Protein chains: 2
Amino acid sequence: MASNAVMEETLQVLKDHKLRVTPQRHIILAYLVSHHNHPTVETIRDGVGKELPNVGASTVYNTLNTFVDHHLVVELQNGDGSTHYDYFGTPHYHAICTNCGRIVDVTYPGFSDTEKSLEKKTAELSGYMISGNHMEVYGLCPECQIKLGIKNNE
Amino acid sequence: MASNAVMEETLQVLKDHKLRVTPQRHIILAYLVSHHNHPTVETIRDGVGKELPNVGASTVYNTLNTFVDHHLVVELQNGDGSTHYDYFGTPHYHAICTNCGRIVDVTYPGFSDTEKSLEKKTAELSGYMISGNHMEVYGLCPECQIKLGIKNNE
DNA sequence: TTAGTAAGTGAGAACCATTCCAATGTAACT
DNA sequence: AGTTACATTGGAATGGTTCTCACTTACTAA
């Protein structure tokens, strides 16, 4: 269950984006803010099961699509067939394991400059009016490196 | 129909990757090499209809998944529900229109440095053994800017 | 050159994540 | 409180992708 602080914050976020505040939206957003496990729709339904026992799958999909449209949340694919979601409070990108699908958040000082410079270059070269980006890096997570008996040759 | 030069090149690419050379693989790869329209499976089946009139959908999917595994091809989502494919002969990334789904290839001198630096940072921070990345930039393509009557405020 | 064999192909069925639909419920504004 | 536009539900429909399996074929080793 999300803390009161999170509930207050998410309430404000919904209002700031002029989104109608329903219990479903509020609770789902709070779940995303307080969990960084890159959940699927199924994971989210399980996670909010206590507060929203009868939430419809369509509602969760609708809600997430709304959040994505408002850039509150980003969609991620890790190859397991379903979409994963991530609250995007602070700029970061994702490292995705090509073996087990594990997704981890990554950021570093200066990342936001890299991003901005990529967007600027893209605008110049393509004529697009840029609204956002996605960066992902693929590889084997530390656990899978061990599991597969791969030794890092450095 | 792909040129002889393309057919020779793709034959070599398949052999280099130790992939069994079937007509289906050869023709589909040649199609991807000579078309930069980021096709879907459906588009590809139409495109190779003359050479492979009875190619099965499964075959096209299998072939593309094999190419993806071998990093010959990358997968792209533009929000229309189906996967788009792109031959990845030279390093580049994609700008995707959030309105019409149009995908364009983008690159610039120094892009490969940006990529390498992102991968290096990621390896350090996450412990992943990096094998690749995806970068995408979103925005409105020039046509949609006009269509939607948006003026660039610069 | 010719088996032998591991791998690829094709048609259709199956799968399943996501969207659609129509009825019901409810948040927000007057 | 009344109104209205929007959100929620659950079930059905959709459709992209994978699975199955019988058949065919590309490679390899003699």
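Chain B of this predicted model superposes on chain A with an RMSD of 0.0 Å after a turn of 180 degrees and a shift of 0.0 Å along the axis. The two copies are thus related as by a two-fold rotation axis. Chain B and chain A bury about 3000 Å² between them, and 19 residues surround DNA strand C, while 19 residues surround DNA strand D.

**Symmetry of the two protein chains**

- M135(B) is the residue of chain B that comes closest to the rotation axis, with its C-alpha at 2.2 Å.
- The copies meet through the same surface, because 100% of the interface residues of chain B are also interface residues in chain A.

**Interface of chain B and chain A**

- The contact involves 37 residues of chain B and 37 residues of chain A.
- Carbon and sulfur atoms give 68% of the buried area of about 3000 Å².
- On the side of chain B, the most area is lost by Y128(B), M129(B) and Y138(B), which together make up 25% of what that side buries.
- Zero salt bridges are counted between the two chains, whereas 14 residue pairs are in polar contact across the interface, both residues of each pair being at pLDDT 80 or more.
- At least two residues each are supplied to the side of chain B that touches chain A by β3 (93-97), β4 (103-106), α5 (111-126), β5 (129-140) and α6 (142-147) of chain B.
- Among these elements, β5(B) gives the most, with 12 residues.
- By class, that side of chain B holds 21 nonpolar, 13 polar and three charged residues.

**Surface near DNA strand D**

- Both protein chains take part: the closest of the 19 surrounding residues are T22(A), R25(A), T59(A), Y61(B) and T83(B).
- Of the atoms of DNA strand D that come within 4 Å of the protein, 73% are accounted for by sugar and phosphate.
- A polar side-chain atom of T22(A) is 2.6 Å from a phosphate oxygen of DNA strand D, and a polar side-chain atom of T83(B) is 2.5 Å from a phosphate oxygen of this strand.
- For N54(A), the atom involved is a backbone N or O, which lies 3.0 Å from a phosphate oxygen of DNA strand D.
- Two or more residues of this surface come from each of α2 (23-34) and α4 (57-69) of chain A, and from α4 (57-69) of chain B.
- The surface near DNA strand D is made up of four nonpolar, 12 polar and three charged residues.

**Surface near DNA strand C**

- Here the closest of the 19 surrounding residues are Y61(A), T83(A), T22(B), R25(B) and T59(B).
- Sugar or phosphate holds 76% of the atoms of DNA strand C within 4 Å of the protein, and the rest belong to bases.
- From chain A, a polar backbone atom of V21(A) is 3.1 Å from a phosphate oxygen of DNA strand C, and a side-chain N or O atom of N65(A) is 3.3 Å from a phosphate oxygen of the strand.
- From chain B, a side-chain N or O atom of R20(B) lies 2.9 Å from a sugar or linking oxygen of DNA strand C.
- The elements giving two or more residues to this surface are α4 of chain A, together with α2 (23-34) and α4 of chain B.
- Four nonpolar, 12 polar and three charged residues form the surface near DNA strand C.

Conventions: Residues numbered from 1 in each chain as written. Chains lettered and ligands numbered in written order. Predicted model: local features only at pLDDT ≥ 70, side-chain atom pairs only at ≥ 80, totals over all residues. Heavy atoms only, no water. Least-squares fit on C-alpha atoms with pLDDT ≥ 70 in both. Contact = heavy atoms within 4.5 Å. Near = heavy atom within 4 Å. Polar contact = N/O pair within 3.5 Å; in protein donor to acceptor, adjacent residues only side chain to side chain. Helix = DSSP H or I, 4+ residues; strand = E, 2+ residues; numbered from the N terminus. Nonpolar A, V, L, I, M, F, W, Y, C, P; charged D, E, K, R; others polar. Buried area = accessible area lost by both parts, 1.4 Å probe. Salt bridge = Lys/Arg side-chain N within 4 Å of Asp/Glu carboxyl O.
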